[in-house]
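Here are some notes to read alongside the model, written as numbered points. Please keep the structure open and find each element as it comes up.

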Amino acid sequence: MKKFSGSVLFLDRADINTDEIIPARYLTENSKLALRPFILEDLTLPGFDPSTDPQKAGVIVTRGNFGCGSSREHAVWVFEVNDINVVIAESFARIFRQNMFNCGMLAIELPPADIEALFKMGPEVEISVDIAKEIVQATGSTKATFAFHLNSFDKELVLAGGWLNYAAQKY
Amino acid sequence: MGKTIAEKIFAAHRRDNPSGENVVLDLDVVMCHEITTPIAINDLVERGLDKVFDPAKIKAVIDHVTPSKDSKTATQAKILRDWARRHKIIDFFDVGSNGVCHALFPEKGFVRPGYTIIMGDSHTCTHGAFGAFAAGVGTTDLEVGILKGVCSFRLPETMKIHIEGTLPKGVYAKDVILYIIKELTVNGATDKVIEFVGPVVDAMSMEARMTLCNMAIEAGGTCGVCMPDQVTARYLWPFIKDEYPSEEAAVEDFKKWHSDSDARYSSELTFDISQIVPQVTYGFKPDEVKDVTELEGTPVDQVYIGSCTNGRIEDLREAAQVLKGRKLAPGVRGILAPATPLVYTTALDEGIIQIFLAAGFCVTNPTCGACLGMSNGVLAAGEVCASTTNRNFNGRMGKGGMVHLMSPRSAAAAAVQGVITDHRTL
């Protein structure tokens with residue numbers, strides 16, 4: 001199982017799309033690792049530098065409808081190869097969310113008030129996710145715990161290390 | 001309690017229920033292109049699982065960057081090409097026979113009512129126009145689809161959209177779907193199937209229905225779907241004539257998939273489109289839509305007519321009506337990418353290609369081309385394109401570029417005027 005903890009990259013906007021996460025011009029790469037430098041390259045947010053900010057993070061916290069647009073799993077792989085295995089958002093686009101679980105990664109939905117509380121904890125916060133207990137633990141100058149729900153199938157995919165491992169065994 | 005078309009298709013294809021919320025479906029068709037499939041192929045090879053569940057149910061095409069533009073895209077094409085040959089995938093379309101997947105595969109008769117279809121491409125929702133459940137998926141889903149012929153989905157809720165009234169002159173399926181997405185917003189249909197019903201849909205051709213369903217994903221929808229009817233049967237007839245004694249018999253049979261009158265919907269919305277005008281996007285999200293009258297006069301550098309949304313013969317005919325006897329405005333570049341070889345040859349036969357050329361357009365081979373800025377037609381920073389494609393994300397057609405989505409007729413009007421124009425005034 002992957003590591004589901006780390007410092008947080010806050011992306012304060014809804015509807016961040018797959019083209020912003022990994023632009024189409026990099027879809028000609030045939031290895032996941034080759035995507036690493038291009039993470040969030042086309043995302044323009046005040047104070048956000050895609051060339052340095054994602055390198056420190058293990059977790060992304062963001063707003064609604066994250067990962068909308070294209071079906072490109074490159075948008076998940078570019079996080080995976082940057083050691084970001086958790087995205088916490090108000091909601092996700094369907095294909096992006098499924099791609100996360102299919103890769104044994106976590107797409108966690110929290111209510112807007114919880115997301116706002118995480119944003120308020122500030123950039124120094126560290127997050128760790130307990131899948132068994134279904135809680136997000138955030139530690140900064142204060143501590144907070146947020147409960148989430150994981151569909152039992154999605155949980156099995158994470159435990160199996162992804163959909164291919166699961167399906168190759170079962171079907 | 002009745003069932004929706006999606007619920008009927010799910011019930012008929014259920015392989016497994018791994019949880020109360022999830023279903024694993026047997027797949028009728030797995031579609032593949034050269035951008036999202038090669039990594040799946042490489043992974044299967046590395047795992048010692050280089051097999052396909054059924055070569056007859058796999059359809060593959062090189063369409064995003066074709067002919068290959070550099071070593072990397074040549075490698076992607078080669079991986080797909082070698083794999084198709086190795087596994088005896090008959091329905092593989094390479095340079096010369098290839099075209100935009102969501103235009104090419106329906107044209108070949110690969111899509112039928114009641115089918116389950118996946119592809120590593122978000123606009124796979126297009127095929128719901130035939131009364132199929134068709135969904136875009138990532139590479140891992142595609143990989144499992146190739147290997148095992150299954151895919152998992154959450155149980156779908158369905159949003160029913162009634163399109164009422166009559167389509168005004170000069171307003172097309174593209175305008176209708178942009179108008180609807182503006183209301184739904186970019187996540188208004190997330191995790192939902194969008195069922196399009198009503199007299200406007202009934203009167204639409206399959207080409208127009210594909211335009212409608214193609215953009216379901218732009219509202220977050222899993223699939224857009226239309227009830228299969230006589231229009232569907234007429235389109236499919238060359239491919240199904242050995243299966244049914246008559247078109248009427250096919251239409252009768254298709255009714256088994258129709259949503260029941262007492263089916264349950266997560267929501268129902270009605271749009272009366274009798275009064276709408278041509279629609280155009282203005283921002284970086286496909287729900288940022290205005291009446292063309294509000295954007296008139298916006299200068300454009302490039303006009304792109306093509307794609308899985310609007311690169312079909314009807315689209316070219318509409319654009320050609322505007323372009324006939326006219327020229328591109330000074331300084332404007334026009335690019336036409338007929339979506340498939342059949343669209344191309346039909347347009348040649350009808351004199352449409354000549355009209356585009358005489359107007360000063362560059363006519364490319366069938367390809368996804370400029371739509372996602374991967375091959376030709378890429379915008380420079382600060383440039384603006386009037387485009388018949390489906391997505392106007394920041395940087396989509398080239399870093400720093402701006403894309404205004406519109407119908408082919410509106411795009412042709414922008415081409416000859418050099419600015420966004422209400423084509424009804426020409």
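1. A definition comes before the sheet: two strands pair if DSSP finds at least two bridges between them. The model is a predicted one. With that rule in mind, B:Ala60 can be found opposite B:Phe92, which belongs to strand 5 of chain B, and strand 4 and strand 5 of chain B are joined in the parallel sense over 2 bridges.

2. The wider sheet comes next. In chain B, 5 strands make up an open sheet with parallel pairing, and their order is 5-4-3-6-7. Strand 5 and strand 7 (133-136) of chain B each have a single partner strand and stand at the edges, so one side of each is left without a neighbour in the sheet.

3. Which strands pair with strand 3 of chain B, and over how many bridges? Strand 6 (residues 116-119) of chain B is joined to strand 3 by 3 bridges, and the two run parallel; within this pairing, B:Val29 has B:Ile117 as its bridge partner. Strand 4 (residues 58-61) of chain B pairs with strand 3 in the parallel sense over 4 bridges, and here B:His33 has B:Val61 as its bridge partner. Between strand 3 and strand 4 of chain B the chain passes through helix 2 (residues 38-46), and this β-α-β crossover is right-handed.

4. Is strand 3 of chain B buried or exposed? In strand 3 (residues 29-33) of chain B, 5 of the 5 residues are buried, so the strand is largely enclosed by the rest of the structure. In a regular strand the side chains alternate between the two faces of the sheet. For strand 3 of chain B both faces are covered, with B:Val29, B:Met31 and B:His33 buried on one side and B:Val30 and B:Cys32 buried on the other.

5. A helix of chain B deserves the same attention to burial. Helix 8 (residues 206-214) of chain B is mostly covered, and 9 of its 9 residues are buried; among them are the charged-type names that a student might look up, B:Glu207 and B:Arg209, as well as B:Met206, B:Leu212 and B:Cys213.6. The cysteines can be taken together. Over all chains the structure holds 0 disulfides. B:Cys213 is in no disulfide, although the nearest cysteine sulfur, which belongs to B:Cys226, is 3.8 Å away; a disulfide would need the two sulfur atoms within 2.5 Å. B:Cys213 has a relative accessible area of 0% and is buried. B:Cys362 is likewise in no disulfide, and the nearest cysteine sulfur, that of B:Cys385, is 13 Å away. With 41% relative accessibility, B:Cys362 counts as partly exposed.

7. Aromatic rings give another set of links, and the count comes to 22 aromatic pairs over all chains. One of these is edge-to-face: A:Phe66 and A:Phe96, with 5.3 Å from centre to centre and 85° between the planes. A:Phe66 lies in the loop between strand 2 (59-62) and helix 2 (74-80) of chain A, while A:Phe96 lies in helix 3 (residues 94-102) of chain A, so the pair ties together parts that are 30 residues apart in sequence. Both A:Phe66 and A:Phe96 are buried. Ring pairs also link A:Phe66, A:Phe79, A:Phe92 and A:Phe96 into a cluster.

8. How are the ring planes of B:Phe93 and B:Phe105 set against each other? The planes stand at 55° and the ring centres are 6.2 Å apart, so the pair is tilted. B:Phe93 belongs to strand 5 (residues 92-93) of chain B and B:Phe105 to helix 4 (residues 101-107) of chain B, so that this pair links distant parts of the chain, 12 residues apart. B:Phe93 is buried, at a relative accessible area of 9%, and B:Phe105, at 0% relative accessibility, counts as buried too.

9. In two places a charge sits over a ring. A:Arg63 lies over the face of A:Phe119, at 3.8 Å from the ring centre. In chain B, the charged end of B:Lys290 is placed over the ring of B:Tyr282, at 4.5 Å from its centre.

10. The last point concerns a single residue, B:Pro408, which is found in helix 16 (residues 408-417) of chain B. B:Pro408 is buried, with 4% as its relative accessible area. Leaving aside its neighbours within four places in sequence, B:Pro408 is in contact with B:Ile305, B:Asn310, B:Asp315, B:Ala319 and B:Thr388. B:Pro408 and B:Arg209 are 199 residues apart in sequence, and from C-alpha to C-alpha they are 15 Å apart in space.

Methods:
Residues numbered from 1 in each chain as written. Chains lettered and ligands numbered in written order. Predicted model: local features only at pLDDT ≥ 70, side-chain atom pairs only at ≥ 80, totals over all residues. Heavy atoms only, no water. Buried < 20%, exposed > 50% of the residue type's maximum accessible area, 1.4 Å probe, protein only. Phe/Tyr/Trp six-rings, centres within 6.5 Å; stacked < 30°, edge-to-face > 60°. Lys NZ or Arg CZ within 6 Å of the ring centre and 35° of its normal. Contact = heavy atoms within 4.5 Å. Right-handed = clockwise from strand over helix to strand, strands pointing away.
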